[in-house]
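Work through the following exercises with the sequence and the structure side by side, and try each task before reading its solution.

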Amino acid sequence: MAIDAHHHLWNLETGLYAWPTPAEPAIYRSFTADDLAPELGPAGIDATVIVQATDSLADTDAMIGAAEGHPWIAGVVGWVPLMDQGAAERALGPRRGWIRGIRHLIHWESDPDWLLRSDVQSGLDLLAREGLPFDVVAVFPDHLPLVPRVAAAHPDLVLVIDHLAKPPFRADGWDEWEAALRRAAQQPRVFAKVSGLDTAAGPGWTVPELRPAWEVALEAFGPQRLMFGSDWPVCRLVSTYGQVVSATRELVGELSASEQEQVIGGTARAVYGLPP
């Protein structure tokens, strides 16, 4: 089963979303599951995981509603208030059946060390007890170096680095990014998403341009700890859905059939505990 482990849905009419803005005209509109559905079959994708796009329970409930109405949506990476363990437990209660992971937009927090705050640690402990992975918006250089520290402090917590922490394809800092990603990968319960590489590279990206980041991630994590995500509709800034899937299949094409299946579905099923 081929799984897209990272895409979004949003309804801008609700006023919940601070981003996108009119400065991103390609994605400055509402996107529903019905918009994505026609893209899946031609790309050979069987199931998906929706990921939160703003820190609110209303957004999480909207994703759950979409999942209930579309059988190909296998799970939801939602949001709960990690800074208040009691409130997080109450929020998880009625939503636990659909929620397969949690994310917080840490890159929007004024404190770059938000993940290390004392009032967040009990929330992360809660996720570990519940067996829920935490998706890390590990924007480099502010957040990626925090991942091994959080992993060491919470050894039972699964961490998933989104978008390989956005490699600096056309900017300075490649060596620092690579070193930080490799340090994170030394923690056995840290995984990473091969997603968002097209937007990290920018307009006119090519598969050969993306390949060095893929090779670093593959060597650091191995296929058993990597998973594919389209980052749709954000990818529409520079790509079509089909282009992203095709590029990923080309990158993994050097692997064995079983390893390719791992990246394009198996890892996501294992990490998020998705139903068969």
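Contact here means that heavy atoms lie within 4.5 Å of each other. The model used in these exercises is predicted.

**Exercise 1. A residue in a loop**

Task: find where L82 lies, decide whether L82 is buried or exposed, and list what L82 is in contact with, leaving aside neighbours within four places in sequence.

Solution. Begin with the position: L82 belongs to the loop that runs between β3 (73-78) and α3 (85-92). Next take the accessibility, for which the cut-off is needed: a residue is buried when its relative accessible area is under 20%. Because its relative accessibility is 0%, L82 counts as buried. Then turn to the contacts: once neighbours within four places in sequence are set aside, L82 touches I102, W114, D119, V120, G123, L124, L127 and F134. Finally, a separation can be read off: P212 is 130 residues from L82 in sequence, and their C-alpha atoms are 35 Å apart in space.

**Exercise 2. The sheet**

Task: work out in which order the strands of the sheet are arranged, and which strands stand at the edges.

Solution. Strands of a sheet pair through backbone hydrogen bonds, either in a parallel or in an antiparallel way. In this model, eight strands make an open sheet whose order is β1-β2-β3-β4-β5-β6-β7-β8, with parallel pairing. The edges are taken by β1 (3-7) and β8 (226-228), and each of these has a single partner strand, so one side of each is left without a neighbour in the sheet. From one strand to the next, the twist averages 25°.

Two pairings can then be followed in detail. Strands β1 and β2 are joined in the parallel sense over three bridges, and H7 has I50 in β2 as its bridge partner. Strand β4 (residues 99-103) pairs with strand β5 (residues 134-136), also in the parallel sense, over two bridges, and here R103 stands opposite D135 in β5.

**Exercise 3. One strand and its side chains**

Task: decide how many residues of β2 are buried, and which of them point one way and which the other way.

Solution. In a regular strand, side chains alternate between the two faces of the sheet. In β2, A47, V49 and V51 point one way, while T48 and I50 point the other way. Counting the buried residues gives five of five, and β2 is accordingly described as mostly covered. As a last step, look at what lies across the sheet: helix α10 (residues 257-272) lies across β1, β2 (47-51), β3, β4, β5, β6 (159-161), β7 (190-194) and β8, and runs at about 110° to β8.

**Exercise 4. Two helix crossings**

Task: describe how α8 crosses α9, and how α9 crosses α10.

Solution. Start with helix α8 (residues 207-221) and helix α9 (residues 241-252), whose axes come within 10 Å and cross at roughly 55°. With that angle, α8 is oblique to α9. The crossing is right-handed. On the α8 side the contact uses V207, L210, R211 and W214, which meet A247, E250, L251 and V252 in α9. Sorted by class, this contact of α8 with α9 holds six nonpolar, no polar and two charged residues.

Now move to α9 and α10, where the axes come within 10 Å and cross at roughly 145°. Here, too, the passing of α9 by α10 is right-handed. The residues T248, R249 and V252 in α9 meet Q260, V263 and I264 in α10. This contact of α9 with α10 divides into three nonpolar, two polar and one charged residue.

**Exercise 5. Backbone exceptions**

Task: identify which residues a cis peptide bond joins, and what the phi values of L164 and K166 are.

Solution. Most residues other than glycine have a negative phi, and most peptide bonds are trans. Against that background, a cis peptide bond joins W19 and P20, with omega about 10°, and P20 lies in the loop between β1 and α1 (33-43). Another cis peptide bond joins F140 and P141, with omega about 5°, and P141 is placed in the loop between β5 and α5 (146-153).

For phi, L164 has a positive value of about 50° although it is not a glycine, and K166 has a positive value near 55°. L164 lies in the loop between β6 and α6 (174-185), and K166 is found in the loop between β6 and α6. L164 is buried, with a relative accessible area of 0%, whereas K166 is partly exposed at 30%.

How values were computed. Residues are numbered from 1 along each chain as its sequence is written. This is a predicted model: local features need pLDDT of at least 70, side-chain atom pairs count only at pLDDT 80 or more; totals for chains, interfaces and linings use all residues. Side-chain values use heavy atoms; hydrogens and water are left out. Axes are lines fitted to C-alpha atoms, for helices over the stretch in contact, and angles run from 0 to 180 degrees between N-to-C directions. Helices (H or I, at least four residues) and strands (E, at least two) are DSSP runs, numbered from the N terminus. Angles under 35 degrees count as roughly parallel, over 145 as roughly antiparallel, 65 to 115 as roughly perpendicular and the rest as oblique. A crossing is left-handed if the near helix is turned anticlockwise from the far one by less than a right angle, and right-handed if clockwise. Ala, Val, Leu, Ile, Met, Phe, Trp, Tyr, Cys and Pro count as nonpolar, Asp, Glu, Lys and Arg as charged, and the others, Gly among them, as polar. Buried means under 20% relative accessible area, exposed over 50%, partly exposed in between (1.4 Å probe, protein chains only). Two strands pair if DSSP finds at least two bridges between them.
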